[in-house]
Amino acid sequence: MSMDGAGAGPAPQRARTRLAIDVGGTFTDVFVLDENGNQTVAKVPSTKNPIDAIMNGAEAANIDWADVELFTHGTTVATNALITRNFKPVAMVTTEGFRDVLEIGRGTREDPWDAYKEGTPPYVRRRDRFAVKERINFRGEVLEPLDEDRAREIARILKKREVHAVAVCFINAYVNGAHELRMAEILAEVLGPDIAISTSHETHPEIFEDDRFSTTVANTILAPIIRPYARDIARRTSEAGYEADVLLLHSGGGVMTPATAEKYAARLAASGIAAGAIASKYFAELCGYQNSIGLDMGGTSADISLAEAGNIRMTDKWEVDWGHPICFPSIEVLTIGAGGGSISWLDKAGSLRNGPQSAGSVPGPACYAAGGTEPTNTDANIILGRVGTTLAGGKKSLNRDAALTAMHKIADPLKLDLVEASLATLRVANANMADAVRLISIARGHDPRDFALVAFGGRARCMVLISRANSISPWSSCRPIPA
């Protein structure tokens with residue numbers, strides 16, 4: 001008789017784990033908590049396909065997806081897309097006579113004293129905004145039926161332009177969405193079922209057309225980015241052995257599934273940064289401060305938040321670009337394009353600027369030696385000796401010579417040496433962040449001297465991602481982070 005395995009007891013069970021991963025524009029952070037209270041952290045470079053960075057991060061943390069009880073995820077993919085305006089071709093269909101609502105908005109200015117300062121352009125160009133005859137009054141009564149011939153003509157034009165998503169925004173659709181639904185059906189017939197279509201009455205059913213149209217357009221331009229992202233992350237984690245739902249943190253501080261994220265893509269526009277605001281408040285309270293200002297600086301953006309008397313402000317109207325509101329409930333965070341990968345450049349007048357353009361993680365700052373040639377904040381820091389020659393635990397090496405070469409693009413036109421150009425680059429970036437702190441504090445009647453400044457990054461956001469889901473299956477060893 002074979003004695004193989006004789007006397008051997010049952011194989012020890014591996015501890016069930018909870019996994020949180022925050023994907024930034026430059027680095028991806030991993031936080032693991034098992035049921036015994038043991039914690040593991042890891043950091044890996046972000047990749048062109050963010051899902052690759054998620055899988056790389058799990059591998060770096062030695063994660064077996066079959067052991068993961070809960071996976072929560074925060075991402076700045078949507079935020080960075082809005083900041084850098086890196087969108088796929090999209091279009092908008094609206095009621096005849098309302099084609100320019102996106103540009104008119106509320107008719108206000110960011111700086112009321114500067115008559116020459118123009119606002120940021122709409123996310124959808126005028127040539128991509130189409131008008132069709134239809135009219136519903138404020139009672140929801142049809143005054144003029146939808147012109148279906150014109151609707152089909154628009155659909156044919158959009159098919160030739162190979163758009164990836166369409167926003168349907170009709171006046172008074174908030175009280176009767178029948179015409180929007182019919183327009184969406186025609187678009188789907190001509191463009192195919194895979195086209196992402198957002199209707200304003202489903203996205204934000206509120207009376208004021210400027211807020212409703214703007215929110216729907218933001219949802220539309222992010223849909224071609226978030227839809228494949230959400231599907232891919234669900235598929236690849238499932239193939240790796242994960243059996244539960246992927247939970248994505250949304251702007252309000254809660255979580256939603258990939259299926260919901262596909263429909264409400266703009267709710268991810270403040271995903272990772274919402275976790276950062278919660279984290280800054282928590283860490284400040286641990287140190288005895290009820291008033292705090294959070295400074296969450298990543299590779300592409302810097303996110304500023306404020307907590308007063310232990311309370312984080314919430315808003316139902318916010319924006320990444322001024323004048324283009326997103327009206328989903330959100331933790332109030334001010335986001336600017338100032339991160340490690342923010343590019344230093346000269347405007348037409350020869351003045352030094354910083355961001356919002358970012359080198360991201362691919363190709364990344366020039367010092368990554370991965371094809372990037374533009375000078376960034378990270379390049380300036382390595383020239384000044386403020387950072388070492390490696391990042392992410394040695395996974396990313398930095399090349400100082402490449403940074404020096406890139407900084408000539410700033411130094412030579414301004415007749416500065418490379419050290420002076422690097423200092424100037426960081427002074428502009430710091431001034432941008434200081435202005436953001438002023439906007440969220442002094443401009444709202446708060447004295448920043450009464451607040452603690454909490455500076456942090458992605459790993460702190462991961463801890464919050466774990467805490468957001470504690471009510472699902474709480475472990476006594478996992479102390480929730482209060483909201």
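**Exercise 1. Decide whether Phe-71 is buried or exposed in this predicted model, and describe its aromatic partner.**

Solution.
1. The relative accessible area of Phe-71 is 0%. Buried means under 20%, so Phe-71 is buried.
2. Phe-71 forms an edge-to-face pair with Tyr-242, with 6.2 Å between the centres and 85° between the planes.
3. The two residues are 171 apart in the chain: Phe-71 belongs to strand S4 (residues 68-75), whereas Tyr-242 is in the loop between H7 and strand S11 (246-249).
4. Tyr-242 has a relative accessibility of 3% and therefore also counts as buried.
5. Together with Trp-65, Phe-71 and Tyr-242 make up one aromatic cluster.

**Exercise 2. State which parts of the chain the pair of Phe-87 and Tyr-123 ties together.**

Solution.
1. The geometry is edge-to-face, at 5.6 Å centre to centre and 90° between the planes.
2. Phe-87 is in the loop between helix H2 (77-84) and S5, and Tyr-123 is in the loop between helix H3 (101-104) and S6. The pair therefore ties together parts that are 36 residues apart in sequence.
3. Tyr-123 counts as buried, at 9% relative accessibility.
4. A search of the whole structure gives six aromatic pairs.

**Exercise 3. Give the strand order of the four-stranded open sheet, and explain why S6 and S10 each have one side without a neighbour.**

Solution.
1. The order is S6-S5-S9-S10, with parallel pairing.
2. Strand S6 (129-132) and strand S10 (196-199) are at the edges and have a single partner strand each, so one side of each has no neighbour in the sheet.
3. On average, neighbouring strands are turned by 20° against each other, direction ignored.
4. Between S5 (residues 90-95) and S9 (residues 165-169) there are five bridges; in S9, Ala-165 is the bridge partner of Val-90.
5. Helix H5 (residues 178-191) lies across S5, S9 and S10, at about 160° to S9. Helix H7 (residues 209-239) also lies across S5, S9 and S10, running at about 160° to S9.

**Exercise 4. Find which residues touch the most other members of the largest nonpolar core.**

Solution.
1. This core has 66 residues, and those with the most contacts to other members are Leu-19, Ile-54, Phe-71 and Leu-222.
2. H7 supplies the largest share, ten residues.
3. Leaving out residues up to four places away in sequence, Leu-222 touches Ala-78, Ala-81, Leu-82, Ala-265, Ala-266 and Ala-269.
4. A second, separate core has 18 residues, among them Ile-154, Val-168, Phe-170 and Met-183.

How values were computed:
Residues are numbered from 1 along each chain as its sequence is written. This is a predicted model: local features need pLDDT of at least 70, side-chain atom pairs count only at pLDDT 80 or more; totals for chains, interfaces and linings use all residues. Side-chain values use heavy atoms; hydrogens and water are left out. Two strands pair if DSSP finds at least two bridges between them. Axes are lines fitted to C-alpha atoms, for helices over the stretch in contact, and angles run from 0 to 180 degrees between N-to-C directions. Contact means heavy atoms within 4.5 Å. A nonpolar core is a set of buried Ala, Val, Leu, Ile, Met, Phe, Trp, Tyr and Cys residues joined through side-chain atoms within 4.5 Å. Buried means under 20% relative accessible area, exposed over 50%, partly exposed in between (1.4 Å probe, protein chains only). Rings of Phe, Tyr and Trp (its six-membered ring) pair if their centres lie within 6.5 Å; planes under 30 degrees apart count as stacked, over 60 as edge-to-face and the rest as tilted.
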